[in-house]
Amino acid sequence: MAKNKEETFRKTPTGISGLDEITNGGFPKGRPILICGSAGCGKTLFAAQFLIKGITDYKEPGVFMSFEETPKDLEDNFMSLGFDLKKLQSQKKLHIDYVRIERSEIEETGEYDLEGLFIRLNYAIDSIGAKRVVLDTIESLFSGMGNMTLLRSEIRRLFSWLKEKGVTTIITGERGESSLTRQGMEEYVSDCVILLDFRVIDQIATRRLRIVKYRGSMHGTNEYPFLIDEHGISVLPVTSLKLDYKSSTEIISTGLPALDNAFSTGGIYRGSSTLITGNAGTSKTILAAHFALSSCNRKERTLYFSFEESPDQLVRNMATIGINFKQAIQSKLLYIHASRPSLQGLEMHLMVLNRLLAELKPRTVIIDPISSLITIGNSSEVGAMLVRLLDTLKINQVNALFTSLTHDGYTEYSNSNIDAVSSLADTWINLRNEERNNERVRSLLIVKSRGMGHSNNQQNFTITGKGINFTTTNKK
Amino acid sequence: MKKKLKDKSIIEAKLVLKLYVSGMSSKSMTAIENIKLLCDEHLKGRFELEIIDIYKNPKLASEQHIVFSPSLLKKLPLPQKTLVGTLSDTKKVLKSLGITFEK
């Protein structure tokens with residue numbers, strides 16, 4: 001029985017990056033799928049991407065039946081996302097049918113059915129051999145019509161006809177007050193329902209997606225952030241982390257010979273991730289700067305994300321302690337990207353990160369500090385985002401260094417945002433300031449270091465005109 | 001009521017009507033019957049009626065923006081009107097077509 005079900009239940013790729021992973025392979029093939037959400041949450045784009053990717057990536061022609069936008073509007077809107085609808089139409093792979101209903105011209109004079117719509121759809125599907133259909137937004141049929149019962153039963157008939165026809169159909173629906181859609185479409189589409197959400201928390205807008213229902217299939221049940229950029233929609237399936245990246249045995253320097261010596265390997269592994277924690281003023285950024293400069297000295301491109309200081313300020317401040325970034329910036333080895341964490345939502349930050357990664361192809365990435373991101377999301381979201389980010393970095397064998405602010409000297413082990421990062425970091429260095437004999441003593445302790453022996457000593461250091469200088473000698 | 005309808009009808013100009021039906025469905029047949037009856041009764045010689053089966057002309061359905069079936073399109077005189085349904089509500093049909101009666 002179970003086997004039989006597996007055979008008959010086929011899926012079709014969604015064309016939305018990340019969604020196939022959440023849905024365990026895509027949408028149910030040949031069935032209707034309801035996408036609902038409030039105005040402006042990306043329903044039409046979602047549907048269009050499903051259709052267009054279906055054509056370009058999976059060779060499945062598609063019909064777009066638009067009840068709201070004219071073909072011209074659609075063409076213009078999707079051109080900006082790099083989707084050339086005109087070309088696809090001329091290639092007979094896409095058919096756009098605009099259903100114009102002039103309310104003021106219509107009079108109801110008795111019983112009717114939606115046979116006109118059926119015939120148009122049938123004609124459109126058959127003329128290009130469509131496998132995918134989008135109805136955006138069929139509920140607009142209801143506005144202004146008197147006989148709701150009749151329309152409802154017709155729409156039910158339409159969905160079962162589409163199912164019989166074997167086309168995978170996306171139906172979009174505007175979010176209703178008490179139900180998922182205004183006309184209760186979710187009652188008719190029982191196979192797969194996806195809810196899109198656009199919400200503003202603490203003045204930061206985030207888009208989210210949730211699979212409300214997916215009959216007969218496993219699916220992720222979380223709310224997943226998604227983003228819309230110039231490549232369309234992508235969902236961030238943070239749970240799809242695969243632990244199958246390659247690990248390098250090459251050793252690189254941290255930028256501080258004394259610190260390198262604290263590791264049995266004389267440095268850290270290439271492509272590993274390092275976390276630096278510490279209270280305010282424990283010189284986390286300086287350590288990060290040393291790391292960045294050493295990467296530049298190896299002629300490896302370095303990407304520095306600064307969430308607290310502007311590039312200019314960072315360069316100026318580091319110059320005072322002998323860390324000169326100017327040359328590295330001029331020779332395009334160092335790229336500093338500064339932005340306020342609260343400027344945009346988490347996923348937008350992640351998007352910028354990903355884009356810069358793709359553009360610059362850096363060998364080293366520094367995020368200073370990662371704890372700033374906590375201010376714009378809860379720690380589980382940040383944690384999820386970091387998993388995904390680290391995943392990307394690891395796959396690309398990029399050296400990663402994150403700094404994180406802790407608030408109380410001894411709570412680093414119980415801080416939830418550190419928890420999120422520390423398990424992902426290969427090396428964890430904690431920095432501390434202590435007052436001894438009316439003097440501030442800076443110290444560094446390697447908390448953990450995967451696959452490398454390391455010094456167990458707390459090492460004191462001072463900050464000089466030439467950067468960090470260790471005052472205690474290392475014992476291995 | 002019935003008497004009133006048999007009064008002499010007044011229309012501004014010749015009516016150009018197109019009735020879009022879907023095959024031989026009962027609703028389509030009712031609509032055809034109703035419009036023929038109405039034309040015979042009130043529009044002798046002052047109308048042009050074309051009955052189109054959208055099953056046979058699916059492309060036309062799209063071009064003429066037909067969604068509901070049956071649909072009666074009043075092309076002329078302007079403004080255009082679309083009367084959907086079986087045309088059983090005679091009063092409404094006459095009003096929508098702009099047909100009035102001498103008292």
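Contact here means heavy atoms within 4.5 Å. The model is predicted.

**Exercise 1.** State which residues A:Leu135 touches, leaving out those up to four places away in sequence, and place A:Leu135 in its core.

Solution.
- Step 1: Apply the contact cut-off of 4.5 Å. A:Leu135 then touches A:Met65, A:Phe67, A:Leu121, A:Leu158, A:Phe159, A:Leu162, A:Thr169, A:Ile170, A:Ile171 and A:Thr172.
- Step 2: Find the core. The largest nonpolar core has 41 residues, and A:Leu135 and B:Phe68 have the most contacts inside it.
- Step 3: List the contributors. In chain A, two or more residues each come from strand 3 (32–37), strand 4 (62–66), helix 6 (115–128), strand 7 (132–136), helix 7 (148–165) and strand 9 (192–201). Helix 7 of chain A gives the largest share, seven residues.
- Step 4: Separate the other core. Another core of 37 residues lies apart, with A:Ile16, A:Phe46, A:Val134 and A:Phe226 among them.

**Exercise 2.** Give the strand order of the open sheet of five strands, and explain why one side of each edge strand lacks a neighbour in the sheet.

Solution.
- Step 1: The order is 6(A)-5(B)-4(B)-2(B)-3(B), and the pairing is mixed.
- Step 2: Strand 6 (106–108) of chain A and strand 3 (47–53) of chain B are at the edges; each has a single partner strand, so one side of each is left without a neighbour in the sheet.
- Step 3: From one strand to the next, the twist averages 20°.

**Exercise 3.** Describe how strand 2 and strand 4 of chain B are joined, and which helix packs on the sheet touching both.

Solution.
- Step 1: Strand 2 (residues 15–21) and strand 4 (residues 71–76) of chain B run antiparallel, joined by five bridges. B:Tyr20 has B:Ser71 as its bridge partner in strand 4 of chain B.
- Step 2: Helix 2 (residues 26–42) of chain B packs on the sheet and touches strand 2, strand 3 and strand 4 of chain B. The direction of helix 2 of chain B makes about 165° with that of strand 2 of chain B.

Terms used. Residues numbered from 1 in each chain as written. Chains lettered and ligands numbered in written order. Predicted model: local features only at pLDDT ≥ 70, side-chain atom pairs only at ≥ 80, totals over all residues. Heavy atoms only, no water. Core = buried A, V, L, I, M, F, W, Y, C linked by side-chain atoms within 4.5 Å. Buried < 20%, exposed > 50% of the residue type's maximum accessible area, 1.4 Å probe, protein only. Helix = DSSP H or I, 4+ residues; strand = E, 2+ residues; numbered from the N terminus. Pairing = 2+ DSSP bridges. Axes fitted to C-alpha atoms, helices over the stretch in contact; angles between N-to-C directions.
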